[in-house]
Amino acid sequence: MSVDLSTHYLGLRLINPLIASASPATDSTDSIMRLADAGIGAVVLPSLFEEQITHIETEIARVVESGFAAFGEAAEGFLPEMVDYNLGPDGYLTMIESARSAVGIPVIASLNGATPGGWVRHAEHLESAGASAIELNLYMLATDAEVDGRGMEDRYMEVVRSVVDTVTVPVAVKLTPFFSSLPAIARRLVDEGGAAGLVLFNRLYQPEIDLDTLTVEPNLRLSTSAELNLPLRWIALLRDIVDGSIAATTGIHTAHDVLKALLVGADAAMMASAILRLGPGHVASVLAAVEGWMSERDYRSVSQLKGSMSLGSVPDPESFVRANYLHEMASWSTELP
Ligand SMILES: Cc1cc2nc3c(=O)[nH]c(=O)nc-3n(C[C@H](O)[C@H](O)[C@H](O)COP(=O)(O)O)c2cc1C
């Protein structure tokens, strides 16, 4: 029996629910073509960062104000490692155009920022270059004790609203799990902010302390499937609350991970670490295994499967909420080794 793997995400029709999320695996047309050949449903380009956009804008303003025709040494000298990552604001537009003409699947551009400001208007260039949608990764840490939870959420809303007002393509918001009430902010982002969907969850890279040098070092480790449980639970809880698309990210490595994400209510499952570790060919084997699993159990389509284990659909919703907690605690033996 053939299985219809197609899904809708942000109003876009995808041939299947597997998306390559923002990472170096999507930073060239060549890798995007390899992912498309392996059957990926869509790709998200690596993020263009607020700092890159504001840096270029500041440099332009400096040159205009000073009357110099040349940028001087700062024009290309700053943020070199970031330029290597995603080619910088101009190269990014070329990458969108090139990817769009090379593959038939949706190409989603990504903006990563933390503060409201003029940089968000860059979204319109991404749209003009052909981005099918924009993913907004709001990487804001609450470090100011004067700003409470609602204040942080208002900042999120301001950035999202200004991007949504700038473009006509759909906008997805990639969130961290660190909110007092995820249902409240999730609904607010969609209903008030105009987001077409949410990407759950952004993986925070925690700095490491180097005991030899006593310095704070970046610490980027690839994920494992064990990290999927957090997004799974929250997608199950939010599915019936949020009137927009939901994509799962963090811990999607295998066909079983994709299936679990769909069952709790995700419209799409995003993969980064597994592709970086195993290459684009991994996508084809995951998709074949998803199809095989569904076919063996007589599922005809992703839409039939999707959300059938969300909070509102499971016979025992408490298992997603508090009862699970007591059960887990009680399941451990009191006999210590
Ligand atoms: C090397 C690397 C670079 C990444 N760059 C970005 C990025 O530019 N923008 C973004 O939103 N997420 C970025 N991510 C996060 C991934 O898109 C993804 O959300 C995260 O890795 C969790 O998914 P995974 O468990 O499949 O790796 C990056 C991840 C890795 C490993």
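## Exercises on a buried helix and its surroundings

Just after helix α10, Gly 265 has a positive phi of about 125°. The model is predicted.

**Exercise 1.** State whether helix α10 is largely enclosed or open, and give the reason.

*Solution.* Start with the extent of the helix: α10 covers residues 255-264. Next, list its buried residues, which are Ala 255, Asp 257, Val 258, Leu 259, Lys 260, Ala 261, Leu 262 and Val 264. Burial here requires 20 or more other C-beta atoms within 10 Å of the residue's own. Eight of the ten residues meet this, so the helix is largely enclosed by the rest of the structure. Last, identify the cover: it includes strands β3 (18-20), β11 (245-248) and β12 (268-271), together with helices α9 (229-238), α12 (281-296) and α13 (302-305).

**Exercise 2.** Find which residues Ile 235 touches, leaving out those up to four places away in sequence.

*Solution.* First place Ile 235: it is among the residues with the most contacts inside the largest nonpolar core, which has 95 residues. Val 43, Ile 134, Leu 198 and Ala 269 are the others named for that core. Then read off the partners of Ile 235, which are Leu 200, Ile 246, Ala 248, Ala 261, Val 264, Gly 265 and Ala 266. Of these, Ala 261 and Val 264 are buried residues of α10.

**Exercise 3.** Describe the shell around the ligand by residue class and by element.

*Solution.* Begin with the residues that come nearest: Ala 22, Ser 47, Ser 223, Ala 272 and Ser 273, out of 22 around the ligand. Two or more residues each come from β4 (42-49), β5 (107-113) and α11 (273-278). By class, the shell has nine nonpolar, eleven polar and two charged residues.

Terms used:
Residues are numbered from 1 along each chain as its sequence is written. This is a predicted model: local features need pLDDT of at least 70, side-chain atom pairs count only at pLDDT 80 or more; totals for chains, interfaces and linings use all residues. A nonpolar core is a set of buried Ala, Val, Leu, Ile, Met, Phe, Trp, Tyr and Cys residues joined through C-beta atoms within 7 Å. A residue is buried if 20 or more other C-beta atoms lie within 10 Å of its own, exposed if 12 or fewer, and partly exposed in between; C-beta atoms are placed from the backbone. Two residues are in contact if their C-beta atoms, placed from the backbone, lie within 7 Å. Helices (H or I, at least four residues) and strands (E, at least two) are DSSP runs, numbered from the N terminus. A residue is near a molecule or strand if its C-beta atom, placed from the backbone, lies within 6 Å of it. Ala, Val, Leu, Ile, Met, Phe, Trp, Tyr, Cys and Pro count as nonpolar, Asp, Glu, Lys and Arg as charged, and the others, Gly among them, as polar.
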